[in-house]
Amino acid sequence: MFGVKQKLTDSTLYLLHDMIEYKLQETENLLSQYSNNEPEIINNLNKQIDYYKNELSEFEKDLEIQRSQMFQFSVEELYSMYGQFENRFIEVEFHKLSDSAKKFGRTISGTIIYFKSERENLELIIKSDSVPRTNGLVRFEPTSFNPNVENDIKNELQNNGFMSGDIFQVHPVNMPPLKAFNQEGKKEIPNTIAINITPPKDINPKSIWIGLFKQRLSNGYLLIDEEMNKLCGYSLYFEPKSINAELIKLNAFNEDGSIKKNVRFYELDAKLDEYNLSQNELLEYSNLLNEKVLVRNELIKIELKSSTNKTLEKFAEEYPQIFKELQKLVINFDDEALEFYKTIRPIYWDFKSYLHIYLRHCEELQLEGNNKTKTTFQYSQKEIKRILKIAIEKIHEKINDRLSQSKECRIYGDRSLYFNGNYYAINIDKDGRVAAFHPYE
């Protein structure tokens, strides 16, 4: 262009092209302002326009020839330089006239996505003696704060991607590279800040749930059954007048006017905390608690039978520490909504979910038998719940798509979820219950 022969690798490759395009547009706008009775000016402007168009055309032809002969970034190089690292946020600048630039714009920001088999294959390739250069597809997770990325474009980037050869330049965020894939031993969840919260001494913590649940409902979110039972039970104790509220009338009582057992349990549970139970109420509470324990011990028996074929008694004898911990959970574990802001219905786990995940895949609780061949989480016992919540949040769009069709959501195999060096399978029932969650090797 203008006698300057530019190479594909020049950092200012498109600077002159951008300037001439601007000048062309400026000249065309100026031409539109003149009438036919000013032929000399019009003629001069047309000559300028033809000149600019010719220079642009020659540049584009030359660039097309160069791009047919070489490309700057291969799939292997992108993985080696950026993709293998956990925190490698990059800005990708496409060649101006490429298909990708036309489809996605000149630049996008985010991280590269890999299927499980792709990452494993690339790990082997970059460690080999001869690394090929492949102009292949690159799938991309654009950053949520990029205002130019619409949903259809985001889906296209995530599912189909773009050709690596369309990339002109890559600008990484200036952070030290961290790699967690194939890392052995225990891990910590990245970017974690520990905050110690001391509950107020003059307020029963259970009363706080009333306000939290009511706020959720007022904001248009749903409660799972267990949370509704809590709200009703705690409200009946801490706010006796709430018995006349429509919400309580609809959810706390049976058709015959008697209080639902699970609601009554939480009402008595709140009274117990404040040493406010009568002798009869204490007996009633004990009976309700025993029912809960029996149901949950049956779930433990089912889980033990499917993996070790042991009885509950034999399990208690051979694994006293695990049994002791499970018995605490039998009493204290509450069904909980893990995500409700971004999903069309609450995604929750119950005691059955907990058993399936922890007895099979938590190293501290994993038993002998079939379970010992299953993969374990590389996180401490208390952090597995956070990993599950992170996983749900990352795939909330897929969850919504499936649940809106009254179908379960299953993410597994080669297209499983990637986070901090591990791939995870997750199965969510059509009612929002987490049925399974585990890492792959």
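Okay, which residue is the bridge partner of glutamate 91 in strand 5? Keep that in mind while we look around. One caution before we start: this is a predicted model.

Let's begin with the sheet. It is an open sheet of 5 strands, and their order is 4-3-2-1-5, with antiparallel pairing. If you're new to this, strands of a sheet pair through backbone hydrogen bonds, either parallel or antiparallel. On the edges we have strand 4, residues 162–163, and strand 5, residues 167–172, and each of those pairs on one side only. Strand 1, residues 90–94, pairs with strand 5 over 5 bridges, in the antiparallel sense. And now my opening question: the partner of glutamate 91 is histidine 171.

What lies across strand 2, strand 3 and strand 4? That's helix 6, residues 151–159, and it runs at about 135 degrees to strand 3.

Back to strand 1 for a moment, because there's a nice aromatic pair there. Phenylalanine 94 sits in strand 1 and phenylalanine 104 in helix 4, residues 99–104, so the two are 10 residues apart in the chain. The count of aromatic pairs comes to 28. In this one, the ring centres of phenylalanine 94 and phenylalanine 104 are 6.3 Å apart and the planes are at 35 degrees, so the pair is tilted.

Now for the helices. Helix 1, residues 15–31, and helix 2, residues 39–69, have axes that come within 10 Å and cross at roughly 155 degrees. That angle is why helix 1 counts as roughly antiparallel to helix 2. The crossing is left-handed. Have a look at who meets whom: from helix 1 the residues include Ile20, Leu24 and Leu31, and from helix 2 they include Ile49, Tyr52 and Phe59. By class, this contact of helix 1 with helix 2 has 10 nonpolar, 4 polar and 5 charged residues.

Then there's another helix pair, further along. The axes of helix 10, residues 261–273, and helix 11, residues 279–307, also come within 10 Å, and they cross at roughly 125 degrees. Helix 10 is therefore oblique to helix 11. This crossing is left-handed too. Among the residues making the contact are Arg264, Phe265 and Asp269 of helix 10, along with Glu281, Tyr285 and Lys292 of helix 11. How do the residues of that contact divide into nonpolar, polar and charged? There are 8 nonpolar, no polar and 8 charged.

That's my tour, thanks for listening!

Notes
Residues numbered from 1 in each chain as written. Predicted model: local features only at pLDDT ≥ 70, side-chain atom pairs only at ≥ 80, totals over all residues. Heavy atoms only, no water. Axes fitted to C-alpha atoms, helices over the stretch in contact; angles between N-to-C directions. Helix = DSSP H or I, 4+ residues; strand = E, 2+ residues; numbered from the N terminus. Parallel < 35°, antiparallel > 145°, perpendicular 65-115°, else oblique. Left-handed = near helix turned anticlockwise from the far one by under 90°. Contact = heavy atoms within 4.5 Å. Nonpolar A, V, L, I, M, F, W, Y, C, P; charged D, E, K, R; others polar. Pairing = 2+ DSSP bridges. Phe/Tyr/Trp six-rings, centres within 6.5 Å; stacked < 30°, edge-to-face > 60°.
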